[in-house]
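Good morning, colleagues, and thank you for joining this group meeting. Please take a moment with the sequence and the structure before I begin.

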Amino acid sequence: MLQEFLDQLSDWQTKATAALESVETLEALMSFQSEFLGKKSALQTFLKQIKDFSPEEKRAAGPAVQSLQQFIRDGFATKQSVLETAALEARLAEDWLDTTKSLPRVQGAMHPLSHVQYKIEDIFTRMGFQIADGPEVETEWNNFDALNIPPTHPARDMQDTFFVDRQHEDSRQNTVLRTHTSNLQIRSMLEQGAPLRLIAPGRVYRNEELDATHDAVFYQFECLVVDEGISMAHLKGTIEKFLEAFFEKPVKFRFRPGYFPFVEPGLEVDIWFEVPGKPGKWLELLGAGMVHPEVLKNCNIDPDKYSGFAFGLGLTRLAMMTYSIDDLRWLNQPKVDFLSQF
Ligand code: DAH
């Protein structure tokens, strides 16, 4: 009886040793623990069986089971410590970072729109222009009325507007997301009076159907010169100088009559655009004209003494042309692969 029992213990010890040897992960070790040390393990059965022995046999059976239990516990603890150390070392090896070496190179780059904006600012500051800035949430009056676009004027339909607040009677109290940078003409003339020479780059908003060439958010820049004796010749000369400096070569351009309520006469300017491998074509690039006397008056500038020219154009468009980007949605995505090309 006793001998049979002791043989079972010895078989079980052999089995446990083999099982423990094949354990390679902490999960497998947990299964081992429940199988060999758990409440339903053979060990518990052995412990219960002790009471069936005679007192004399118990003196042999008891310590034998206890030593088997200790043997399995020791084996478990040793294995656990080996596996935990290995797991920690693996994690440390993976997370390890040599801070004395330079970090992985994910280099930032300037956005193509910024490149274009800075280039334009550079060209105009060299010609003595100042750079004006203003808020994107603008009064309805600055964005429309002061620019000679009254509420009922059909020209308002040209610019699908996001209103922020339109509950007031007085358009000076209503607010819109500015639909163009022309509002900076008004702000600057009201703040500084004449004479004036400035450009105003900035972000503008339109409530539009979105596609590859239309976005609800895009960039423009505005140019305004007000002084005594300003004529169309100054407008033409400035545009010519600007285009030549921007494209870094003489650019063929033409004026066509155009309508904008804040200029009279109003013009549209096309440039001759050629991409290698494609036939050249006229591209509509900017709106321009002589500042309307009503606009000057709205800004407390005497139209009998002063005259001015203005033009506005899409910075986004210019960036797309410069870098041959055919879908403007690229410009609004924070994709390093795209941005790092510039
Ligand atoms: N504000 C016009 C637009 O967003 C562009 C424009 C046209 C600006 C004529 C001007 C101008 O300064 O004279 O479409």
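Let me start with the ligand, which sits in the largest pocket. I should say at once that this is a predicted model. The shell around the ligand draws two or more residues from each of three elements, namely β6 (217-227), β9 (281-291) and β10 (307-314). In total, 16 residues surround the ligand. Among these, His180, Ser182, Arg206, Gln220 and Glu222 are the closest. Sorted by class, the shell around the ligand contains eight polar, six nonpolar and two charged residues.

I turn now to individual contacts. Which residue has a polar side-chain atom 2.6 Å from an oxygen atom of the ligand? That residue is glutamate 222. Glutamine 220 takes part through its side chain as well, with an N or O atom 3.0 Å from an oxygen atom of the ligand. In phenylalanine 311, by contrast, a polar atom of the backbone is involved, and the distance from there to an oxygen atom of the ligand is 3.5 Å. As for coverage, the ligand on its own has 360 Å² of accessible area, and the protein covers 91% of this.

Next, I would like to describe the pocket itself. The volume of the largest pocket is about 1300 Å³. Its lining comprises 47 residues, and those closest to the centre are Glu284, Leu285, Leu313, Gly314 and Arg317. Which elements each supply at least two residues of this lining? They are β6, β8 (263-273), β9, β10 and α10 (315-323). Strand β9 gives the most, with eight residues. By class, the lining of the largest pocket has 24 nonpolar residues, together with 13 polar and 10 charged ones.

We may now move to the second largest pocket, which holds about 330 Å³ of space. It is lined by 16 residues, and Phe247, Lys249, Trp272, Phe273 and Glu274 lie nearest its centre. The elements that give two or more residues to this lining are α8 (232-247), β8 and α10. Strand β8 provides the largest share, three residues. In the lining of the second largest pocket, 10 residues are nonpolar, four are charged and two are polar. I would draw your attention to β8 and α10 in particular: each supplies at least two residues to the lining of the largest pocket, and each gives two or more to the lining of the second largest pocket.

Finally, I come to the backbone. As general background, most peptide bonds are trans, and most residues other than glycine have a negative phi. Against that background, three places deserve mention. The peptide bond from alanine 194 to proline 195 is cis, with omega near -5 degrees. Proline 195 is found in the loop between α7 (183-192) and β5 (196-205). A cis peptide bond also runs from glutamate 264 to proline 265, where omega is near 0 degrees. Proline 265 belongs to strand β8, the strand that provides the largest share of the lining of the second largest pocket. The remaining place is asparagine 148, which is not a glycine and yet has a positive phi of about 70 degrees. Asparagine 148 lies in the loop between α6 (140-143) and β3 (163-165).

That concludes my presentation. Thank you for your attention.

Methods
Residues are numbered from 1 along each chain as its sequence is written. This is a predicted model: local features need pLDDT of at least 70, side-chain atom pairs count only at pLDDT 80 or more; totals for chains, interfaces and linings use all residues. Side-chain values use heavy atoms; hydrogens and water are left out. A residue is near a molecule or strand if one of its heavy atoms lies within 4 Å of it. A polar contact is a pair of N or O atoms within 3.5 Å; within protein, one must be able to donate a hydrogen and the other to accept it, and residues adjacent in sequence count only if both atoms are side-chain atoms. Accessible areas come from the Shrake-Rupley method with a 1.4 Å probe; for residues, only the protein chains shown count as cover. On a 1 Å grid over the protein atoms alone, a cavity is a set of points where a 1.4 Å probe fits but cannot get out, and a pocket is an open set with protein on both sides within 12 Å along at least five of seven lines; lining residues have an atom within 4 Å of a point. A molecule sits in a cavity or pocket if more than half of its atoms lie within 2 Å of its grid points. Helices (H or I, at least four residues) and strands (E, at least two) are DSSP runs, numbered from the N terminus. Ala, Val, Leu, Ile, Met, Phe, Trp, Tyr, Cys and Pro count as nonpolar, Asp, Glu, Lys and Arg as charged, and the others, Gly among them, as polar. Grid points are joined across faces, edges and corners, and a volume is the space filled by probe spheres set on the points.
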